[in-house]
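Dear colleague,

I am passing on the structure that I have been reading, and below it you will find an account of what turned up. Please look through it with the coordinates open beside you.

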Amino acid sequence: MSVTMQNASHHVNAKCIVLLCILHRMSDAHTRLVWAREAAGYEKAADAARAMGVPLPTYNAHENGSRGFRRMAQQYASKYRVSLEWLLTGKGQPRPGMKRSIPVVGYVGAGAEVFSIDDSIKGAGIDEIEPPPGASSNAVAVKVRGDSMRPAFYDGDYIIYDDRREGSEIAQYLGRECVVHLMDGRTFIKNLSAGSTPGTWSLWSYNAAPIQDVRIEWAARVRWVERA
């Protein structure tokens, strides 16, 4: 199978696409802490806390993000054998020599149907792919299913994005093809434009009616398309 990387700065002729993501992108320190614990072989947080002599309520607060753990970061990094810089900032790799990959966090299809991926769906097959040049450590991908999105996307393509923006920073992506997560829980791949009232946005594509004056929780520019 021939695979090519295509920079998605070109205008993507996208149909109305609904996207459901499982966001294990590890963009936050507390999610990296959970990953590090599990990678070190501690299935339960209580076991790790006990091994390090950390009160369980304190440790749980570090893992759920309700409390920062910068003062404890060196101890955690040493115990879990991960890079302190990676644990705190997400830069670099968890461990020297570890092969980097991008998690595939969901599937994309045409129309309004949402394809939920969770532990109850056996064989859902969340994958990992090699990162394109220049991809950040926050990059994630979604996989195209079916042929309904031709000629923009084809069955088996991976759409890769990173660098989510919220609030006023969303305006940086005006006119760009983006993954946009609405306040009502829906997620689309659309071209982004300003709405008719402050704080709202309109979403456009060639082959579907525009979605106008919606509120967006976050937007992420589509950076690459890996062709199947």
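**Helix 2 and its neighbours**

Helix 2 (residues 45-52) packs against helix 4 (residues 73-80) at an angle of about 105°, and their axes are 12 Å apart. The two helices are therefore roughly perpendicular to each other, given that angles of 65 to 115 degrees are counted in that class. On the side of helix 2 the contact is formed by A48, A51 and M52, while helix 4 contributes Q75, Y76, K79 and Y80. Sorted by class, the residues of this contact are 5 nonpolar, 1 polar and 1 charged. Please keep in mind throughout that this is a predicted model.

Within helix 2 the buried residues are A45, A48, A49 and M52. These residues cover an arc of only 100° around the axis, which puts them on the same side of helix 2. That spacing can be read against the general geometry: an α-helix has 3.6 residues a turn, so residues three or four places apart point the same way. The cover over the buried residues of helix 2 includes helix 1 (29-39), helix 3 (56-64) and helix 4. Just after helix 2 comes G53, which takes a positive phi of about 70°.

**Helix 1 and helix 3**

A second crossing involves helix 1 and helix 3, whose axes come within 6 Å and cross at roughly 115°. That angle makes helix 1 roughly perpendicular to helix 3. The residues that make the contact are H30, L33, V34 and R37 of helix 1, together with Y59, H62, E63 and N64 of helix 3. By class, the contact of helix 1 with helix 3 divides into 3 nonpolar, 3 polar and 2 charged residues.

As for burial in helix 1, the residues concerned are R32, L33, A36 and R37. Seen down the axis of helix 1, these buried residues fall within an arc of 140°, so they line one face of the helix. They pack against helix 2, helix 3, helix 4 and helix 5. R37 of helix 1 is thus listed both among the buried residues and in the contact with helix 3. After helix 1 comes G41, with a positive phi near 100°.

In helix 3, T58, Y59, A61, H62 and E63 are buried, and what covers them includes helix 1, helix 2 and helix 4. Y59, H62 and E63 also appear in the contact that helix 3 makes with helix 1. Helix 3 is followed by G65, and here too phi is positive, near 85°.

**Positive phi outside glycine**

Most residues other than glycine have a negative phi, and two residues deserve a check of their backbone for that reason. R81 is not a glycine, yet its phi is positive, at about 60°. R81 lies in the loop between helix 4 and helix 5 (84-89), and at 53% relative accessibility it counts as exposed, the cut-off for that class being over 50%. D213 is also a residue other than glycine with a positive phi, near 55°. D213, however, lies in strand 10 (residues 208-214), and at 37% relative accessibility it counts as partly exposed.

**One residue in strand 8**

I189 belongs to strand 8 (residues 187-194). Its relative accessibility is 0%, and I189 therefore counts as buried. The C-alpha atom of I189 is separated by 9.4 Å from that of A220, a residue 31 positions away along the chain.

**The protein as a whole**

The secondary structure comes to 5 helices and 11 strands. Of the 228 residues in the protein, 40% are buried. Among contacts with a separation of 6 or more, 62% are between residues 24 or more positions apart. The accessible surface of the protein comes to about 11,800 Å², and carbon and sulfur atoms account for 49% of that surface.

With best regards

Definitions and conventions
Residues are numbered from 1 along each chain as its sequence is written. This is a predicted model: local features need pLDDT of at least 70, side-chain atom pairs count only at pLDDT 80 or more; totals for chains, interfaces and linings use all residues. Side-chain values use heavy atoms; hydrogens and water are left out. Axes are lines fitted to C-alpha atoms, for helices over the stretch in contact, and angles run from 0 to 180 degrees between N-to-C directions. Helices (H or I, at least four residues) and strands (E, at least two) are DSSP runs, numbered from the N terminus. Angles under 35 degrees count as roughly parallel, over 145 as roughly antiparallel, 65 to 115 as roughly perpendicular and the rest as oblique. Contact means heavy atoms within 4.5 Å. Ala, Val, Leu, Ile, Met, Phe, Trp, Tyr, Cys and Pro count as nonpolar, Asp, Glu, Lys and Arg as charged, and the others, Gly among them, as polar. Buried means under 20% relative accessible area, exposed over 50%, partly exposed in between (1.4 Å probe, protein chains only). Accessible areas come from the Shrake-Rupley method with a 1.4 Å probe; for residues, only the protein chains shown count as cover. The arc is that of the directions from the helix axis to the C-beta atoms.
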